[in-house]
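Please open the model in your viewer and keep the sequence panel beside it. The tour moves from the whole chain to single residues, with a selection to make at each stop.

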Amino acid sequence: MTYKETLDWMFAQLPAYQQKGKVAYNGKMDNIRAFSTFLNHPETIFKSIHVAGTNGKGSSSHMLASILQEAGYKVGLYTSPHLKDFRERIKINGKTIRKKKVVGFIEKNKAFLEEHQLSFFEMTVGMAFDFFASEKVDIAVVEVGLGGRLDSTNILNPEVALITNIGMDHLDMLGDTLGKIAKEKAGIIKEGIPVVVSEYQEEIAEVFHNVAVSKNAKVIFAEKVIHKTFKTSLLGNYQSKNVKGVLAVLTELKDYKIKKKHIKRGLKHVVKNTGLLGRWQILNKKPFVVCDTAHNKEGLTYVTEQLAQQDFNELHMVLGFVKEKDLDSILPLFPKNAHYYFCKPNIMRGLDVGILVNKAKMHALKGESYNSVDKAFKAALKTAGKKDLIFIGGSTFTVAEVV
């Protein structure tokens, strides 16, 4: 198979959460355990840091990888979803896995994948772990896909675990309260392995404390212990919370020599070292165009606060969401005096633009609808003046179509 044929098979043959949502979530670990056994347990061959959370886990994973690279280590990085190319998910020292490796892995293991009906995510985790083991990485930073307890990445036994932030997202799968969601995320806490929690959220701190105690694991609330931080090249006020979590993880990481200069350089060169996209990413200066992959109430609260601090004449908002989002909690966050360009991201889970327009009207957000993200963005560019600001977001998949 060619690289494109391989990806088409991975997406079409078996359910992918990225495309289909809840129908692809099986909530079981049986498949990934069986696949790990078939691959000779690659996750036991390399050391790792395991990162979960509702918001900030992607940025935090990239920060950790960048700092470890600056310290001279060979660093694997597994994240999801991808924005432009599937290979963004699997990197070593910022370089994506080669197309030939992707094709070869699927061809070699295709019979097993078909027989056991692995999901897209399960086979991708197996691919990443097998790649990191074969390339003998010094350490891998691995981001949880969804939740934690039943996530395929949770076969890891890491050096340190990090949980960034807990918010109301994926309620249909993780639970309808912060406490229930926190318990799912706390499922990555392992026996005797320290866990860092980036943000101290009073209503759920006890959940992490209790799980950690039951596992004889040290729990560190970064906001309580990290007082001096460093600047990062990742834009967005919300990154300061992520930095504290990252610094606390580094203090718990034994047998790795990481100096202050590595931390400073690593945080300064996150994008350069790792290729991270879509976090308050500036696409143009005149007009000022920025996109952000925040897609739930907590993440979008930070983003709208950041927007309010910018200096511009008029604000233009290109918005597209996926079907399962709770728009009644999200849409009130957006400013009512902006010009809106509503659209649907080009995936099966994309929310119909007509539904979005009607919901937006209920929250006094007025604008036009477009049948693609590209057309909405072009309309905003055509309308905006040089001193205006255009924001693109609402979903990772909306951002993916413009970066």
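Begin by colouring the charged side chains of this predicted model: the protein has 58 positive and 42 negative ones, and the centres of the two sets lie 6 Å apart. Side chains of opposite charge can pair when their charged atoms come close. The structure holds 10 salt bridges, and the next stops visit some of them.

**Salt bridges**

Select Glu70 and Arg265, which form a salt bridge whose closest N and O atoms are 3.1 Å apart. Glu70 belongs to helix α4 (residues 57-70) and Arg265 to helix α12 (residues 260-268), so this pair ties together parts of the chain that are 195 residues apart in sequence. Looking at the surface around this pair, you will find that Arg265 is partly exposed, with a relative accessible area of 36%.

Next, select Glu135 together with Lys74, whose side chains meet in a salt bridge with an N to O distance of 3.9 Å. Because Glu135 sits in the loop between α6 and β5 (139-143) while Lys74 sits in the loop between α4 and β2, the pair ties together parts that are 61 residues apart in sequence. Both partners are partly exposed, Glu135 with a relative accessible area of 27% and Lys74 with one of 30%. Add Lys101 to the selection before moving on, since Lys74, Lys101 and Glu135 are linked in a network of salt bridges.

The third pair to select is Glu252 and Lys218, which form a salt bridge with the closest N and O atoms 2.9 Å apart. This pair links distant parts of the chain, with Glu252 in helix α11 (residues 239-252) and Lys218 in the loop between α9 (205-214) and β8 (219-221), 34 residues apart. Which of these two partners is buried, and which is partly exposed? Glu252 is buried, with a relative accessible area of 11%, whereas Lys218 is partly exposed at 47%.

**The whole chain**

Now clear the selection and show the backbone as a cartoon, in which the protein has 18 helices and 14 strands. Along its principal axes, the C-alpha trace spans about 55 × 50 × 40 Å. With 403 residues, a compact globule would have a radius of gyration near 22 Å, and the 21 Å of this protein agrees with that.

Switch to a surface view, where the protein exposes about 17,400 Å², with carbon and sulfur atoms supplying 50% of that area. Of the 403 residues, 58% count as buried. Among contacts between residues at least 6 apart in sequence, 77% join residues at least 24 apart.

**Unusual backbone geometry**

Return to the backbone and select Ser80 and Pro81, which are joined by a cis peptide bond with omega about -10°. Pro81 is found in the loop between β2 (75-78) and β3 (90-92). Then move to Lys286 and Pro287, where the peptide bond is again cis and omega is near 0°. Pro287 has its place in the loop between β9 (281-284) and β10 (288-291).

Where in the chain should you look for His41, a residue with a positive phi? Select the loop between α3 (30-38) and β1 (48-52), and there you will find His41 with a phi of about 50°, although this residue is not a glycine. His41 is partly exposed, with a relative accessible area of 33%.

Gln117 is the next residue to select, and this residue too has a positive phi of about 50° without being a glycine. Gln117 lies in the loop between α5 (99-116) and α6 (120-134). At 60% relative accessibility, Gln117 counts as exposed, as values over 50% do.

**A buried histidine**

For the last stop, select His363, which is found in the loop between α16 (353-362) and β13 (367-369). Is His363 buried or exposed? His363 has a relative accessible area of 17% and is therefore buried, the cut-off being under 20%. To see what surrounds His363, add Leu327, Asp328, Leu331, Pro332 and Lys336 to the view, which are the residues that His363 touches when those up to four places away in sequence are not counted.

Methods
Residues are numbered from 1 along each chain as its sequence is written. This is a predicted model: local features need pLDDT of at least 70, side-chain atom pairs count only at pLDDT 80 or more; totals for chains, interfaces and linings use all residues. Side-chain values use heavy atoms; hydrogens and water are left out. Helices (H or I, at least four residues) and strands (E, at least two) are DSSP runs, numbered from the N terminus. Buried means under 20% relative accessible area, exposed over 50%, partly exposed in between (1.4 Å probe, protein chains only). The radius of gyration is taken over C-alpha atoms; the globule rule is 2.2 Å times the number of residues to the power 0.38. Contact means heavy atoms within 4.5 Å. Accessible areas come from the Shrake-Rupley method with a 1.4 Å probe; for residues, only the protein chains shown count as cover. Lys and Arg count as positive and Asp and Glu as negative; His and the chain ends are not counted. The place of a charge is taken as NZ of Lys, CZ of Arg, CG of Asp or CD of Glu. A salt bridge is a side-chain nitrogen of Lys or Arg within 4 Å of a carboxyl oxygen of Asp or Glu.
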